[in-house]
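The following paragraphs are intended to be read beside the sequence and the three-dimensional model. They begin with the sheet, continue through the helices, and end with charged pairs and cysteines.

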Amino acid sequence: MTTAYFTHPICIKHDPGPGHPEQPARLIAVNEALADAPFDKLLRAEAPEATTEQLERIHGGAYVASVLAAVPDEGYRSLDPDTALSPASGEAALRAAGGVCAAIDWVAAGKAGNAFCAMRPPGHHAEASQAMGFCLFNNIAVGARHAQAVHGFERVAVVDFDVHHGNGTQHSFENDASLFYASSHQWPAYPGSGAATETGVGNIVNVPLSPRAGSGEFRAAYSDAILPRLRDFEPDFLLISAGFDAHERDPLAQLNVTTEDFAWLSRELAKLAASVCGGRLVSTLEGGYDLQALAASAAAHVTALMEACP
């Protein structure tokens with residue numbers, strides 16, 4: 001077995017508008033980085049559209065319908081000051097969530113050792129009934145509920161190393177002890193949530209990092225706080241919100257994390273998954289807005305996932 005790689009061309013056509021940081025070039029950069037020879041062994045697959053049933057495990061039916069109804073036939077339509085739709089956005093959002101569910105299916109069935117989903121729009125800011133922060137549907141939360149409902153995994157964990165706190169994922173998890181959410185993120189920063197005191201029902205771990213924090217602080221957040229709590233939770237399946245905007249080159253935040261830090265964390269998470277849940281791990285793209293840093297970091301992340309496969 002090796003790592004599965006889910007993506008879809010429609011996710012490049014999702015266009016929030018000129019000058020928007022969550023640009024189509026992000027996914028092009030990731031795809032190009034993972035087209036090189038070291039990645040020839042990836043199991044490449046096109047992401048399917050999420051079903052209404054899958055989405056409604058997190059989002060209300062009225063919300064799902066309202067997002068899809070808002071997709072314009074031409075031009076752009078804004079859902080909030082940061083989150084805009086173009087004609088391809090509805091299908092792209094469905095495939096971004098559907099890709100995570102399909103990747104979980106593959107890993108659960110032993111068709112792949114683990115998986116990375118190169119999808120956009122991202123998802124971790126989307127709350128049950130609110131699009132925000134470039135996100136329409138919460139792809140990782142939809143995947144977590146899919147893992148429970150379809151495959152019977154009782155305990156599902158999400159680790160989120162995006163530089164921005166995944167308020168939507170926390171919102172969906174915080175009252176359910178069968179789900180675990182851990183996040184490292186810059187503080188203060190958008191969206192303003194993610195204080196260390198936000199602990200849900202004991203299943204939420206937030207490690208805020210001060211602006212200009214770098215490798216030492218980032219690695220300590222995991223070694224000292226997140227990885228021990230994740231191990232104690234003993235998940236049956238591990239999901240990753242893989243945002244690479246904590247990188248020192250990224251224009252939207254002020255942390256000084258390096259590509260090698262992402263590689264280190266990816267190896268640590270894969271090792272933990274191997275020890276507690278049979279290596280069952282699916283990762284999906286969140287942020288990362290410097291194209292060079294994004295491409296290099298995604299390649300390092302996927303390399304670590306490939307190395308973890310038996």
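Two strands are said to pair if DSSP finds at least two bridges between them. Helices (H or I, at least four residues) and strands (E, at least two) are DSSP runs, numbered from the N terminus. The model is a predicted one, in which local features need pLDDT of at least 70 and side-chain atom pairs count only at pLDDT 80 or more, while totals for chains, interfaces and linings use all residues. Residues are numbered from 1 along each chain as its sequence is written, and side-chain values use heavy atoms, with hydrogens and water left out.

The sheet is open and is formed by 8 strands with parallel pairing, in the order β2-β1-β5-β10-β9-β6-β7-β8. At its edges stand β2 (43-46) and β8 (204-209), each of which pairs on one side only. From one strand to the next, the twist averages 15°. Axes here are lines fitted to C-alpha atoms, for helices over the stretch in contact, and angles run from 0 to 180 degrees between N-to-C directions. The edge strand β8 pairs with β7 (residues 179-186) in the parallel sense, over 6 bridges. Within this pairing, Tyr 181 has Ile 204 of β8 as its bridge partner.

Helix α10 lies across β1 (3-7), β5 (114-117), β9 and β10, and runs at about 165° to β5. Another helix associated with these strands is α9 (residues 259-276). What span should α9 have, and what separates its end C-alpha atoms? The expected span of a helix is 1.5 Å times one less than its number of residues. The 18 residues of α9 should therefore span 26 Å, and the end C-alpha atoms are 26 Å apart, in agreement. After α9 comes Gly 278, whose phi is positive, near 65°.

Relative accessible area describes how far each residue is covered: buried means under 20%, exposed over 50%, and partly exposed in between (1.4 Å probe, protein chains only). The buried residues of α9 include Phe 262, Trp 264, Leu 265, Leu 269 and Leu 272. Contact means heavy atoms within 4.5 Å. The buried residues of α9 pack against β6 (156-160), α8, β9 (237-242), β10 (281-285) and α10 (291-308).

Charged pairs add a further layer to this picture. A salt bridge is a side-chain nitrogen of Lys or Arg within 4 Å of a carboxyl oxygen of Asp or Glu, and the structure holds 10 of them. One of these joins the side chains of Asp 261 and Arg 219, at 2.8 Å from N to O. This pair links distant parts of the chain, since Asp 261 is in α9 and Arg 219 in helix α8 (residues 215-233), 42 residues apart. Asp 261 is buried at 1% relative accessibility, whereas Arg 219 is partly exposed at 26%.

Other salt bridges lie within a single helix. Glu 268 forms one with Lys 271, the closest N and O atoms being 3.0 Å apart. Both residues lie in α9, 3 residues apart, which is about one turn of the helix. Glu 268 is partly exposed, with a relative accessibility of 22%. Arg 95 and Glu 91 likewise meet through their side chains in a salt bridge (2.7 Å, N to O). These two are 4 residues apart in helix α5 (residues 89-108), and so are separated by about one helical turn. An α-helix has 3.6 residues a turn, so residues three or four places apart point the same way. Arg 95 is buried, at 15% relative accessible area, and Glu 91 is partly exposed, at 29%.

Ser 172 offers a view of another region, in helix α7 (residues 167-173). Ser 172 is buried, with a relative accessible area of 17%. Leaving aside residues up to four places away in sequence, Ser 172 touches Ile 58, Ala 141, Arg 145 and Leu 179.

How many disulfides does the structure hold? A disulfide is a pair of cysteine sulfur atoms within 2.5 Å, and the structure holds 0. For Cys 11, the nearest cysteine sulfur is that of Cys 117, 10 Å away. Cys 11 is buried, at 0% relative accessibility. Cys 101 is also in no disulfide, and the nearest cysteine sulfur, that of Cys 117, is 9.2 Å away. Cys 101 counts as buried at 1% relative accessibility.
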